[in-house]
Structure formats: C-alpha cells, structure tokens
Amino acid sequence: LLLLLLLLAAPLAAMGRDPDVGLDTPNIIKSKGYPVEEHKVCHNTRRVHLGIVPHPPWHQRENTPPLWGCSVCERLKARRVPAARPVGQQLHLGEQLPAPKLGFILADAGYDVWLGNSRGNQYSKEHTKYPVDSKEFWRFTWDDMAHFDLPTSIDYVLAATQQDSLSYVGHSQGTIIALSGFSSNHTLASKIKVQVLLAPVAYLQHCRSPLLVPLAMLRADKLFQVIGFRQFLPDKSILQLLAPTFCHELPHLCDDILFPVVGASNNLNASRIDVYVSETPADTSVMNMAHWAQSVRSDEFEMYDWGCGLLSCHNKDHYGQKTPPSYNLTNVVTPTALYAGTNDVLADPKDVDKLRSLLPPALVVDYLVLDGFAHLDFTWAPDAAEKLYPSVVAVLRKYNP
C-alpha cells in the first residue's frame with residue numbers, strides 16, 4: 001500500500017523537485033557553472049572511471065597542483081574538475097548553495113580536482129572480458145581497489161597533469177583504500193604529498209552500523225555468497241527511484257530507510273535530500289560487503305579472508321598462509337590528516353583514535369574530532385564548509401601549495 005501511495009504521489013512530488021534529482025555527477029557539476037571532463041582508466045581488462053573539475057580551464061593551466069579523492073561506494077570512472085580529489089558516494093560536491101562543497105572549494109583554490117570512482121558502481125561497470133552479470137565481474141573487494149585501481153588511476157592523473165606527485169582526499173571507503181594501498185606499496189606512497197582522510201576507516205571494533213553489524217554477526221554475507229548473490233544494492237534500484245518521493249512525503253522516516261549502513265544525520269541540507277537519495281546508495285559487490293563484515297567480526301585491518309578448512313585452504317593459495325595478512329600501518333610514510341565525528345556510527349572516534357595511535361606519530365599532521373558530525377556530514381553537511389574544510393584546505397596548502 002505504501003509503495004502504491006508513493007507511486008501515485010511521484011508525479012505531484014516531481015513538480016516541486018530539485019532540478020538536480022536524477023542528474024549524474026558530470027551534469028550536476030556543469031549545472032553549477034564548472035567545466036568537467038570524464039576519463040576512463042584501464043587496468044588489465046577492467047576499466048575505471050575518473051572525473052576532473054579543472055579550474056582554471058585545462059588549456060590555461062600551468063603547474064596546477066593535482067588532487068585526488070575517493071569515498072564510500074564511489075564510482076570508479078574518471079572525471080576532471082581542475083583540481084583532483086577522490087570523493088565517493090556519488091560525488092555530490094560544491095553546489096551553488098549557502099554551503100559550498102569541498103570539490104568546488106578546491107577547484108576555486110586552483111587545484112585540479114580528480115574524482116575517483118570505485119569499481120562496480122554505475123560509472124565503473126566496464127570490463128573487456130567479463131559481462132556485468134557474470135560472477136567473475138563481481139569478484140572483488142576494496143583490496144583490489146587498493147592494489148590495482150588506485151595505483152593505475154593515480155599514475156594516469158600524474159601522466160595527464162605532467163606532475164610527479166599529488167594530494168589525496170578520501171572519505172569512508174576512500175580512506176580504507178588509501179590506508180591499505182599506501183601502507184603496502186611504497187612506490188605508490190612516494191607519489192602522495194599528503195593524505196586527508198575524512199571519517200577514516202581501518203578498524204571497526206566499535207562500529208554501530210544498523211545494517212553492517214547484524215550482517216556481520218549473523219554471517220549473512222557468507223550466506224549471500226553461498227546462495228550466489230553477486231551485486232549488493234544495484235544502482236537505479238526501486239529504492240533509488242522512489243527515494244526522492246519518499247523523502248518528500250515522509251521526511252522524518254527518510255534517514256531510517258536510506259542510510260542503514262553509515263547511519264543517519266541530523267545535519268544535512270533538507271532541501272537537497274531528494275538529490276542525494278536519488279543517487280544513493282551506490283552499488284558494489286557482495287564480496288566487498290563480506291570484506292567489510294569480516295572487519296567487524298575480526299577487528300583487524302587485514303586482507304580478504306578467502307577461507308581455510310580441513311580439505312582446502314584458499315588463503316594459502318592467495319597469501320601462502322592460513323590467515324589473511326594484516327596491513328601494517330607503521331609502514332605508512334605519507335603525511336596524514338585525520339578527521340572524525342562524534343556521531344559517526346561507521347568510523348567511530350574510538351576506532352579512529354586506534355588508527356591514529358598505530359600510525360607513525362610524526363606523520364599525523366592534523367587530527368580533529370568534530371562534535372555532532374555523522375558519517376555523511378563530512379561531504380554533505382551545510383556547516384562542513386565552516387567547521388571542517390578550512391582545516392582541509394590549510395593542510396593541502398602546506399603540503400601541496
């Protein structure tokens with residue numbers, strides 16, 4: 001009955017809908033008066049997508065410092081908005097609103113902003129060998145993004161900008177990709193001037209995610225894999241199609257239904273909720289969610305557990321040992337800024353503090369816990385431009401002037 005009412009209400013709600021609802025990221029960026037380019041980067045047989053917002057325009061740039069950014073459920077295609085920053089979760093950047101977004105702020109500051117996307121979302125669903133409905137296509141976790149997609153994309157950006165290093169800004173999944181990639185690949189880390197990590201995730205002992213914790217404790221992720229589920233939360237699902245109408249008609253229930261993994265926020269711009277939910281959540285693989293669930297159960301920052309039983313040990317096939325190797329944070333050589341929020345149920349401040357304590361102390365160049373900030377507030381909150389982004393820009397100016 002609720003579904004029927006929402007379908008009937010959709011035409012009326014659409015009359016007062018934000019014009020950005022349903023637009024993809026490049027068109028949202030263009031609608032704010034910024035140029036944007038799209039690039040496809042190929043690692044072996046898999047293509048990822050990057051976006052760049054160049055400012056000033058590409059043909060007028062000289063030695064414009066590049067920035068790279070990533071976030072949870074990012075889309076791994078390439079977009080360029082002169083200056084480079086990896087964002088995730090559909091890259092809702094600096095709209096022309098009372099509170100400007102970080103991507104536009106950085107572009108205005110003269111950076112080349114490159115927007116990274118994770119494999120599997122709607123922007124990064126291309127493979128030269130496997131079709132998107134095959135089990136092989138969806139056989140990946142954030143390990144693969146860190147070991148293959150991240151270095152391939154960063155090398156592409158550096159070649160395109162004719163630079164030898166860049167700065168990295170990550171949110172949520174973009175932080176776990178950075179920490180695993182930069183701690184295990186010093187050649188890659190040598191190309192990073194500074195990493196700015198928003199709502200950073202490495203450990204999940206204190207995770208309070210309404211969906212991820214039950215999923216992990218009940219081992220539902222393993223059940224999904226046995227059943228044969230491959231894709232988690234397909235894009236353009238019925239949820240995304242109905243969410244803008246649902247939030248318009250029943251805003252007090254919107255958070256509870258639309259943000260089950262990362263938790264709700266009381267600090268979002270209500271006038272833009274229908275835009276955000278029309279693109280959220282981005283899809284990924286069931287195997288990737290299993291890796292997240294593994295982190296909740298083990299409280300270790302480790303590679304994917306392929307399993308090890310009496311008759312066979314897949315971990316030995318992959319790693320040469322019975323258990324998955326842990327990432328060693330003492331190997332991090334990149335200056336690191338950490339920003340956490342007291343209301344973040346995914347990147348709990350206690351887990352972020354554990355992460356901070358395991359990094360080389362001299363490399364933690366900024367550490368701030370923002371009162372009242374939830375997981376999505378780092379990229380969506382109206383007051384992030386006042387409470388958070390000045391610190392981010394100051395760090396970037398210091399290491400990437």
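## Rings, buried helices and positive phi angles

Modeller: A search of the whole structure, which is a predicted model, finds eleven aromatic pairs.

Biologist: What makes the pair of Trp114 and Tyr156 edge-to-face?

Modeller: The ring centres of Trp114 and Tyr156 are 6.2 Å apart, and rings count as a pair if their centres lie within 6.5 Å. Their planes stand at 80°, and an angle over 60 degrees counts as edge-to-face, so the name follows for Trp114 and Tyr156. The pair also links distant parts of the chain, since Trp114 belongs to strand 6 (residues 112-116) and Tyr156 to helix 4 (residues 142-161), 42 residues apart.

Biologist: Why is Trp114 called buried, and why is Tyr156 called partly exposed?

Modeller: Buried means under 20% relative accessible area, exposed means over 50%, and partly exposed is what lies in between. Trp114 has 0% relative accessibility and therefore counts as buried, whereas Tyr156, at 30%, counts as partly exposed.

Biologist: How do you know which name to give the pair of Phe373 and Phe378?

Modeller: The reasoning runs along the lines used above. The centres of the Phe373 and Phe378 rings are 5.5 Å apart and their planes are at 75°, so this pair is edge-to-face. Phe373 is buried, with a relative accessible area of 1%, and Phe378 is buried too, with a value of 0%.

Biologist: Which residues do ring pairs link into a cluster, and what lies over the face of Tyr203?

Modeller: The cluster is made of Trp142, Tyr203, Phe301 and Tyr327. Over the face of Tyr203 lies Lys354, at 4.2 Å from the ring centre, and the limit for a charge over a ring is 6 Å from that centre, together with a position within 35 degrees of the ring normal.

Biologist: Before the details continue, how many helices and strands are there, and what share of the residues is buried?

Modeller: The chain has 17 helices and 13 strands, and 58% of its 401 residues are buried. Of the contacts between residues at least 6 apart in sequence, 77% join residues at least 24 apart. The largest nonpolar core holds 84 residues, and those with the most contacts inside it are Phe182, Val196, Leu198, Leu212, Phe301 and Tyr339. Helix 4 supplies the largest share of this core, with seven residues.

Biologist: What makes helix 5 largely enclosed by the rest of the structure?

Modeller: Eleven of the twelve residues of helix 5 are buried, so the rest of the structure largely encloses this helix. Among the buried residues are Gln173, Ile176, Leu179 and Phe182. As for its length, helix 5 (residues 173-184) reaches 17 Å from its first C-alpha to its last, close to the 16 Å expected at 1.5 Å a residue.

Biologist: How do you know that the span of helix 12 agrees with what it should be?

Modeller: The 13 residues of helix 12 (residues 286-298) should span 18 Å at 1.5 Å a residue, and its end C-alpha atoms are 18 Å apart, which agrees. Helix 12 is also mostly covered, with eleven of its 13 residues buried, including Met287, His291, Trp292 and Ser295.

Biologist: Why does Ser295 count as buried, and which residues does Ser295 touch?

Modeller: Ser295 has a relative accessible area of 3%, which is why this residue of helix 12 is called buried. Leaving aside residues up to four places away in sequence, Ser295 touches Trp142, Leu204 and Glu300.

Biologist: What is the sign of phi at Ser172 and at Asp299?

Modeller: Most residues other than glycine have a negative phi. Ser172, although not a glycine, has a positive phi of about 60°, and Asp299, also not a glycine, has a positive phi of about 55°.

Biologist: Where do Ser172 and Asp299 lie, and are they buried or exposed?

Modeller: Ser172 is in the loop between strand 8 (166-171) and helix 5, and with a relative accessible area of 0% it is buried. Asp299 comes just after helix 12, in the loop between helix 12 and helix 13 (314-319). At 16% relative accessibility, Asp299 is under the 20% limit and therefore counts as buried.

Biologist: Why is Glu136 not called buried as well?

Modeller: The relative accessible area of Glu136 is 27%, so this residue is partly exposed. Glu136 sits in the loop between strand 7 (126-127) and helix 4, and from C-alpha to C-alpha it is 9.2 Å from Arg230, although the two are 94 residues apart in sequence.

How values were computed
Residues numbered from 1 in each chain as written. Predicted model: local features only at pLDDT ≥ 70, side-chain atom pairs only at ≥ 80, totals over all residues. Heavy atoms only, no water. Phe/Tyr/Trp six-rings, centres within 6.5 Å; stacked < 30°, edge-to-face > 60°. Helix = DSSP H or I, 4+ residues; strand = E, 2+ residues; numbered from the N terminus. Buried < 20%, exposed > 50% of the residue type's maximum accessible area, 1.4 Å probe, protein only. Contact = heavy atoms within 4.5 Å. Core = buried A, V, L, I, M, F, W, Y, C linked by side-chain atoms within 4.5 Å. Expected span 1.5 Å × (residues − 1).
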